[in-house]
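This report describes one protein structure in plain terms, for a reader who has not met it before. The sequence and the structure come first, and the description follows.

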Amino acid sequence: MSLITLIIAGLILAALLVLCWVLPHPITWLMAAVMAALFFLVLLPKYQGEQQALAHGQTVAAAVAEVRHWQRKVGDGNYEDNYEIIALWPNPHNGQMVRFVSPPLRQNPQAHLPAAVNVTVDTDNPKNYVMDLSFLPKI
């Protein structure tokens, strides 16, 4: 997740809070509360975890297990293809397999996929990671 995504979500939250002040209605408060929960409980921890992994993590080679494909409906009956790379890595601290999932991709990475992908991971907290997708061609 990028800093731009976090900033946009923060601006939307600020706009909803202003809307609550200008138009005090229960639905505006509900929208602001949902956005605040999303921002503070999902987006901000995800961003901070990625920054922690980049600052203090180590780069490991995770074996590619599969490419997950699904379609998402957009617009009026149109479907958009999405792909995720799923890679596995044995954690040396406890011997358990750690599962890494890439962000959703718009193009099928299968043709460019190596046997292993580099993942920068905080070994103390493997939920904090960033998968290196630089091997994929730019659209």
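Glu50 and Lys46 both belong to helix H2 and sit 4 residues apart, about one turn of the helix. In this predicted model, the two side chains form a salt bridge, with 3.7 Å between the closest N and O atoms. Glu50 has a relative accessible area of 10% and is therefore buried. Lys46, at 38% relative accessibility, counts as partly exposed.

The structure holds 4 salt bridges. The table lists three of the pairs, with the separation of the closest N and O atoms.

| Acidic residue | Basic residue | Closest N and O atoms |
|---|---|---|
| Glu50 | Lys46 | 3.7 Å |
| Glu84 | Arg68 | 3.1 Å |
| Glu80 | Arg72 | 2.6 Å |

The salt bridge between Glu84 and Arg68 has its closest N and O atoms 3.1 Å apart. Because Glu84 lies in strand S2 and Arg68 in strand S1, this pair ties together parts that are 16 residues apart in sequence. Glu84 counts as buried, at 13% relative accessibility, whereas Arg68 is partly exposed, with a relative accessible area of 32%. Leaving aside neighbours within four places in sequence, the contacts of Glu84 are Glu66, Val67, Arg68, Trp70, Val101, Ser102, Pro103 and Pro104.

Glu80 and Arg72 form another salt bridge. Glu80 is partly exposed at 22% relative accessibility, and Arg72 is partly exposed at 38%. With Arg106, these two residues are linked in a network of salt bridges.

**The sheet**

How are the strands ordered in the sheet? There are 5 strands in an open sheet, in the order S3-S2-S1-S4-S5, and the pairing is antiparallel. Strand S3 (97–101) and strand S5 (129–131) stand at the edges with a single partner strand each, so one side of each has no neighbour in the sheet. On average, neighbouring strands of this sheet are turned by 40° against each other, direction ignored.

Strand S2 (residues 78–90) is joined to S3 by 5 bridges, and the two run antiparallel. Leu88 has Arg99 of S3 as its bridge partner, and Pro90 stands opposite Met97 in S3. S2 and S3 make a hairpin with 6 residues between the strands, where Gly95 takes a positive phi near 80°.

Which residues form the covered face of S3, and which the uncovered one? Val98 and Phe100 make up the covered face, while Met97, Arg99 and Val101 make up the uncovered face.

**The helices**

H2 lies across strand S1 (58–74), strand S4 (116–121) and S5, and runs at about 80° to S5. Gly49 is placed in helix H2. At 5% relative accessibility, Gly49 counts as buried. Gly49 and Ile27 are separated by 22 residues in sequence, and their C-alpha atoms are 32 Å apart in space.

Helix H1 covers residues 3–22. Does its length in space agree or disagree with its residue count? At 1.5 Å a residue, the 20 residues of H1 should span 28 Å, and the end C-alpha atoms are 29 Å apart, which agrees.

The buried residues of H1 are Leu6, Ala9, Leu13, Leu16 and Cys20. Seen down the axis of H1, the buried residues fall within an arc of 85°, so they line one face of the helix. The face turned away from this buried side carries the exposed residues Ile4, Leu11, Trp21 and Val22. Helix H2 (26–56) is included in what covers the buried residues of H1.

Phe39, found in helix H2, is one of the residues that touch H1 residues. Phe39 is buried, with a relative accessible area of 11%. Not counting residues up to four places away in sequence, Phe39 touches Leu6, Ala9, Gly10, Leu13, Leu44 and Pro45. Phe39 and Ala9 are 30 residues apart along the chain, and their C-alpha atoms are separated by 6.7 Å. Leu6, Ala9 and Leu13 were named above among the buried residues of H1.

Key. Residues numbered from 1 in each chain as written. Predicted model: local features only at pLDDT ≥ 70, side-chain atom pairs only at ≥ 80, totals over all residues. Heavy atoms only, no water. Expected span 1.5 Å × (residues − 1). Buried < 20%, exposed > 50% of the residue type's maximum accessible area, 1.4 Å probe, protein only. Arc of directions from axis to C-beta. Contact = heavy atoms within 4.5 Å. Pairing = 2+ DSSP bridges. Axes fitted to C-alpha atoms, helices over the stretch in contact; angles between N-to-C directions.
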